[in-house]
Every structure is written in structure tokens, then in C-alpha cells.
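Work through the exercises below with the sequence and the coordinates open. Each task is followed by a solution in steps.

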Amino acid sequence: MEKVICLLWADEGADRTAFNASLLDRLPGALRAAGATGIRLNLEDAISAGGAHLRQSCGARQHDAVVQFWLPSANRLLRGEADRALDACCARWHGWVVAESTIIANSAYPAQAGQRTAGWAQLAFLTLPERLTHAEWLALWQDRHTLVAIETQANFEYVQNLVVRPLTEGAPPYVAIVEECFPEAALTDPFVFFDAVGDPARFKANLDRMMESCDRFIDRGTIDVIPTGQYTC
């Protein structure tokens, strides 16, 4: 089995609500017919819009939705039906095979098929700094940063997706895609986000520790970060 993550772009000027509704209505069934399982959509919806100030962009027009799923094989020879399903639901898309590592499983608000997960999901799309080799970057991220992300935030789900290979020509040069779920209040209250409600000293310590750790393996301005709603299909 291989996990696939795809970024989807709507037509320029398309209504986001209508695009989201169309994806939820059409894409999961089409992917299941193509042999996909474990389908998840990440959509920018009315709730996640409250965290617009948390968005980060490395410059290019950002995608409008994300779909995650598993295939028996993502080999080009065997995934034609899945590719056609994606083609039919968006203006363009890019995809990657990833290696999933679930650091924190969602036991607080378990995902339910056909429903939106409570809270919101932050997706971070990481690139490789020129100052690091891939091996150095990976050690800084997974071996050193993981515990920091657990101990300084109120995340109730934390999944690291290490990019194995791109599936599409010209895909953005991401090396990892991270998904973290937070309570809805963390969209607008940084004390909730950094697990420090009512404790300014803890907030500062957690924020400083997180920023110091991120600066080891991320160059600011080179990643994309998007608040989304998580939908299990």
C-alpha cells in the first residue's frame, strides 16, 4: 500500500463553497471506485477561515484543497483511474507518494466517516533549506523537533508525511507535509494553540522553544502553511 497526498486547484475565481461541496460530493466516490481507501479531504471552510492570519505562503498561488488516500500501488501504470478522478474534479493537481508517521493519533475527537473532524487541521508544506543536506534536515525535523511539537502545542492529532517521490511533473519541491489538529479556539487564541491558557510564562517558553526549533530546519518564507477543515470520507 502507498499513501498519496494531492493538492487541488480550482478554476481562477471559482466560488470556494461550491468547489468544496463539489469535491465532497464527487471525489471520494470516484477515488473509491479507483481502488482508494482511507480518503481524507482538507478544505478551507467557514471555520478554518477564522485562522486566515496563520497562513504562510512561499509565493506561488496556493492550492484550494488537499486530498489524502491510500492505493495498493501508486505506479503510473496502475493509477490511471485515480488520476482521471482527480482530473475531473479540479482545474489542475499535483501529487506525491508519502511515508506516513502518526505521532499523535486522534483519540480526543475521533474522525467519523462522512463528517468534519472537530476543531481544525493545520497543514504545513515543508521545503529543504539550501544550507542542509536531506539527511541533516530529516534528523533535525524528526529526531529533534518532534518532541518539541508534542510538548509545546495543544495538538490532538499530529501526522508527519515524508515525501517519497512526486507523481506529477513540475510538482512543488516539498519534502514533507505535516498535519496537526487543534481545538477550534486555537484559531484565534495563541494561548490555546501553545497549550498555555492562563499562563503567560508558559506561553512565552513554549513559543520561544517552538520558534528556535523550527528555525533549525525551516528557512522562514520558504514553506506553505494553511488552516483547513478535516473531512473523513
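A cavity is a set of grid points where a 1.4 Å probe fits but cannot get out, and its lining residues have an atom within 4 Å of a point. The model used throughout is predicted.

**Exercise 1. The second largest cavity**

Task: State which residues line the second largest cavity, and which elements each supply at least two of them.

Solution.
Step 1. Start with the volume. The second largest cavity holds about 30 Å³.
Step 2. List the lining. It consists of Val4, Cys6, Phe69, Leu71, Arg79, Ala82, Asp83, Leu86, Trp93 and Leu167.
Step 3. Assign elements. Strand S1 (2-9), strand S3 and helix H2 (80-89) each give at least two residues. H2 has the largest share, with three residues.
Step 4. Sort by class. Eight lining residues are nonpolar, two are charged and none is polar.

**Exercise 2. Ala82 and its helix**

Task: Decide whether Ala82 is buried or exposed, then find which residues of H2 are buried.

Solution.
Step 1. Place the residue. Ala82 sits in helix H2.
Step 2. Apply the cut-off. Buried means under 20% relative accessible area. Ala82 has 3% relative accessibility, so Ala82 counts as buried.
Step 3. Find its contacts. Neighbours within four places in sequence are set aside; Ala82 then touches Leu31, Ala34 and Leu71. Leu71 also belongs to the lining of the second largest cavity, as does Ala82.
Step 4. Check one pair by distance. Ala82 and Leu7 are 75 residues apart in sequence, and their C-alpha atoms are 14 Å apart in space.
Step 5. Widen to the helix. The buried residues of H2 are Ala82, Asp83, Ala85, Leu86 and Cys89. They span an arc of only 160 degrees around the axis, so they lie on the same side of H2.
Step 6. Name the cover. What covers these buried residues includes S1, helix H1 (16-33), S3 and S4.

**Exercise 3. The largest cavity**

Task: Find how many cavities of 30 Å³ or more the structure has, and describe the lining of the largest cavity.

Solution.
Step 1. Recall the method. Rolling a probe the size of a water molecule over the atoms shows where empty space is left.
Step 2. Count. The search of the whole structure gives two cavities of 30 Å³ or more.
Step 3. Take the largest cavity. Its volume is about 50 Å³.
Step 4. List the lining. Asn42, Glu44, His63, Asp64, Ala65, Val66, Leu123, Phe125, Ile226 and Thr228 surround the largest cavity.
Step 5. Assign elements. Strands S3 (65-71), S6 (120-127) and S9 (224-232) each supply at least two of these residues.
Step 6. Sort by class. The lining has five nonpolar, three polar and two charged residues.

**Exercise 4. Strand S6**

Task: Work out which residues of S6 point each way, and which strand S6 pairs with over eight bridges.

Solution.
Step 1. Check burial. Eight of the eight residues of S6 are buried.
Step 2. Recall the pattern. In a regular strand the side chains alternate between the two faces of the sheet.
Step 3. Split the residues. Trp120, Gln122, Ala124 and Leu126 point one way from S6, while Ala121, Leu123, Phe125 and Thr127 point the other way.
Step 4. Find the partners. S6 and S8 pair antiparallel over eight bridges, and Ala124 stands opposite Val178 in S8. S6 and S9 also run antiparallel, joined by five bridges. Here Leu123 stands opposite Ile226 in S9.
Step 5. Link back. Leu123, Phe125 and Ile226 are among the residues lining the largest cavity.

**Exercise 5. The two pockets**

Task: Find which residues lie closest to the centre of the largest pocket, and which lie nearest the centre of the second largest pocket.

Solution.
Step 1. Take the largest pocket. Its volume is about 650 Å³. Of its 30 lining residues, Gln56, Gln122, Met210, Met211 and Cys214 are the closest to its centre.
Step 2. Assign elements. S6, H3 (134-152), S8 (174-182), H4 (190-193) and H5 (200-217) each supply at least two lining residues. The largest share, six residues, comes from H5.
Step 3. Sort by class. The lining divides into 20 nonpolar, six polar and four charged residues.
Step 4. Turn to the second largest pocket. About 220 Å³ of space lies there. Its lining has 16 residues, and Cys58, Ala60, Pro172, Tyr174 and Asp224 lie nearest its centre.
Step 5. Finish the second largest pocket. S1 and S4 (92-104) each supply at least two lining residues. By class, seven are nonpolar, six polar and three charged.

How values were computed: Residues are numbered from 1 along each chain as its sequence is written. This is a predicted model: local features need pLDDT of at least 70, side-chain atom pairs count only at pLDDT 80 or more; totals for chains, interfaces and linings use all residues. Side-chain values use heavy atoms; hydrogens and water are left out. On a 1 Å grid over the protein atoms alone, a cavity is a set of points where a 1.4 Å probe fits but cannot get out, and a pocket is an open set with protein on both sides within 12 Å along at least five of seven lines; lining residues have an atom within 4 Å of a point. Grid points are joined across faces, edges and corners, and a volume is the space filled by probe spheres set on the points. Helices (H or I, at least four residues) and strands (E, at least two) are DSSP runs, numbered from the N terminus. Ala, Val, Leu, Ile, Met, Phe, Trp, Tyr, Cys and Pro count as nonpolar, Asp, Glu, Lys and Arg as charged, and the others, Gly among them, as polar. Buried means under 20% relative accessible area, exposed over 50%, partly exposed in between (1.4 Å probe, protein chains only). Two strands pair if DSSP finds at least two bridges between them. Contact means heavy atoms within 4.5 Å. The arc is that of the directions from the helix axis to the C-beta atoms.
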